[in-house]
Amino acid sequence: MLSTEPAKRRDLLLSLIFLVLTVALVFLPTGYEAHIDAQAVQCKGHILATEDADVVQFGLVRTGVQTVEIELLDGPFAGKTVRGHNQLLGKMEMDKFFAPGDTALVVITRDENGQIAHVNPVDHYRLGLELVLFGLFAALLLAFGGLTGAKALLSFAFSALAIWKILIPAFLNGINPVLVSLGVVTLLTACIIFLVGGVTRKGMTAFLGAMLGVGTACVLALVFTDLFRLHGAIKPFAESLLYTGYGHLDLRRIFVAAVFIGSCGAMMDLAMDVAASIEEVARSMPGATRRQLLGAGLRVGRAVVGTMTTTLLFAYSGGYIALLMMFMAQGVPLSNLFNLIYVAAEILNTLVGSFGLVAVAPFTALVGAFLFGSKKSAAQAEPAPRAA
């Protein structure tokens, strides 16, 4: 019991450090706060009535302007009834259509006198439901995981804030996307693995194995992105970003960064699985050699990799189901489909991420065998037979 006290103190200290860092990230400025319109006010609104006379419908697509009457529910103008205009672009993935009784997120633009100048019903109000869903997720995590669940929740919050407060501003500032992403991924991998797995040999094994896999995926992404002649503008809203004053950004390297960022979570899972299995074998077989632990780690890695590789396939293909349906419905040949730039980009995403994922298993097994194993050979490890 006494031997566990230093480990508990290290875990507590690490948790406190990341808690402080998480709070610090909440208040860390991104440098882009000045871009927010100071005259704009966000509030919640109740749709009282709509006027659809100027809306033209072509099948499922609507264009034109929908006029809405809104009762403001909070903010400095709470209780007032205002009229706003919902511009319909004819794009179902971007348009929203209101009906009486709906609740909307409304942006009020004020004039120089502080009065209402313009009313924009942005979309249906979902923030409350999102908070409820996150609360249910946190409650389940805490109920099932206990202290480990609390540390996992802390790592979740820290990761989300690090991406928003560090990674995204660095990209916008034109800093090398690959180097920044590697730095942030290293920080987040350390946070998640050491918070959940502890500052132990198991944690170090999982961390080093995951980072070796991330490095492999990074190198492959750099090489094959150029060979595939891919540019980062294939990602949604990337071209719009260029037109809003950020033409200096290297979208190709941002695409490369997105490839290994998207797969690092699965790599951490696999690395922790292999590291935990090696630790258990080392506990049950004191004095096990490095060769024995390496073999155990590789066997577990083979079993897990068989299912983990399809994880990325499901994750990436799930977002393109409608696209695949459209090509099949139009009879587009598979050769044409696979050669399209945005399909090739997802193939690169899936295969490079999966390659790094598969590489994690032997990397982690090698590191774990070295950290947990005995230097003795298998023959030396066996007890000598007693003399008669």
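Seven salt bridges turn up when the whole structure, which is a predicted model, is searched for them. Among them is the pairing of Lys-202 with Glu-279, whose side chains meet with nitrogen and oxygen 3.8 Å apart. This pair links distant parts of the chain, since Lys-202 sits in helix 4 (residues 201-227) and Glu-279 in helix 6 (residues 251-284), with their positions 77 residues apart in the numbering. Both Lys-202 and Glu-279 are buried.

Glu-279 also meets Arg-283 in a salt bridge, with an N to O distance of 3.5 Å, and here the two partners both belong to helix 6, where they lie four residues apart, or about one turn of the helix. Arg-283 in turn forms a salt bridge with Glu-280, the closest N and O atoms again being given as 3.5 Å apart. Arg-283 and Glu-280 are three residues apart in helix 6, so about one helical turn separates them. Behind such spacings stands a general property of the α-helix: with 3.6 residues a turn, residues three or four places apart point the same way. Taken together, Lys-202, Glu-279, Glu-280 and Arg-283 are linked in a network of salt bridges.

The three bridges of this network can be set side by side.

| Salt bridge | N to O distance | Position of the partners |
|---|---|---|
| Lys-202 and Glu-279 | 3.8 Å | helix 4 and helix 6, 77 residues apart |
| Arg-283 and Glu-279 | 3.5 Å | both in helix 6, four residues apart |
| Arg-283 and Glu-280 | 3.5 Å | both in helix 6, three residues apart |

How buried or exposed are the helix 6 members of the network, Glu-279, Glu-280 and Arg-283? Glu-279 has a relative accessible area of 11% and counts as buried because that value is under 20%. Arg-283, at 58%, is exposed because its value is over 50%, while Glu-280, with 44%, falls in between and is therefore partly exposed. Leaving aside residues up to four places away in sequence, Glu-279 touches Lys-202 and Phe-372.

Helix 4, which carries Lys-202, can also be checked for its length. At 1.5 Å a residue, its 27 residues should span 39 Å, and the C-alpha atoms at its ends are indeed 39 Å apart, so the expected and the computed span agree. Just after helix 4, Arg-229 takes a positive phi of about 55°.

A positive phi is also found in a hairpin, formed by strand 5 and strand 6 with five residues between the strands, where Gly-114 has a phi near 85°. Strand 5 (residues 103-110) and strand 6 (residues 116-124) run antiparallel and are joined by seven bridges. For Ala-104, the bridge partner in strand 6 is His-124.

Turning to the chain as a whole, the model contains 11 helices and six strands. Its radius of gyration is 27 Å, well over the 21 Å that the globule rule gives for 388 residues, so the chain is more spread out than a compact globule. Along the principal axes, the C-alpha atoms fill a box of roughly 105 × 55 × 35 Å. Of the 388 residues, 37% count as buried, and the chain exposes about 22,000 Å², of which carbon and sulfur atoms supply 67%. Among contacts with a separation of 6 or more, 70% are between residues 24 or more positions apart.

Definitions and conventions: Residues are numbered from 1 along each chain as its sequence is written. This is a predicted model: local features need pLDDT of at least 70, side-chain atom pairs count only at pLDDT 80 or more; totals for chains, interfaces and linings use all residues. Side-chain values use heavy atoms; hydrogens and water are left out. Helices (H or I, at least four residues) and strands (E, at least two) are DSSP runs, numbered from the N terminus. Buried means under 20% relative accessible area, exposed over 50%, partly exposed in between (1.4 Å probe, protein chains only). Two strands pair if DSSP finds at least two bridges between them. The expected span of a helix is 1.5 Å times one less than its number of residues. Contact means heavy atoms within 4.5 Å. The radius of gyration is taken over C-alpha atoms; the globule rule is 2.2 Å times the number of residues to the power 0.38. Accessible areas come from the Shrake-Rupley method with a 1.4 Å probe; for residues, only the protein chains shown count as cover.
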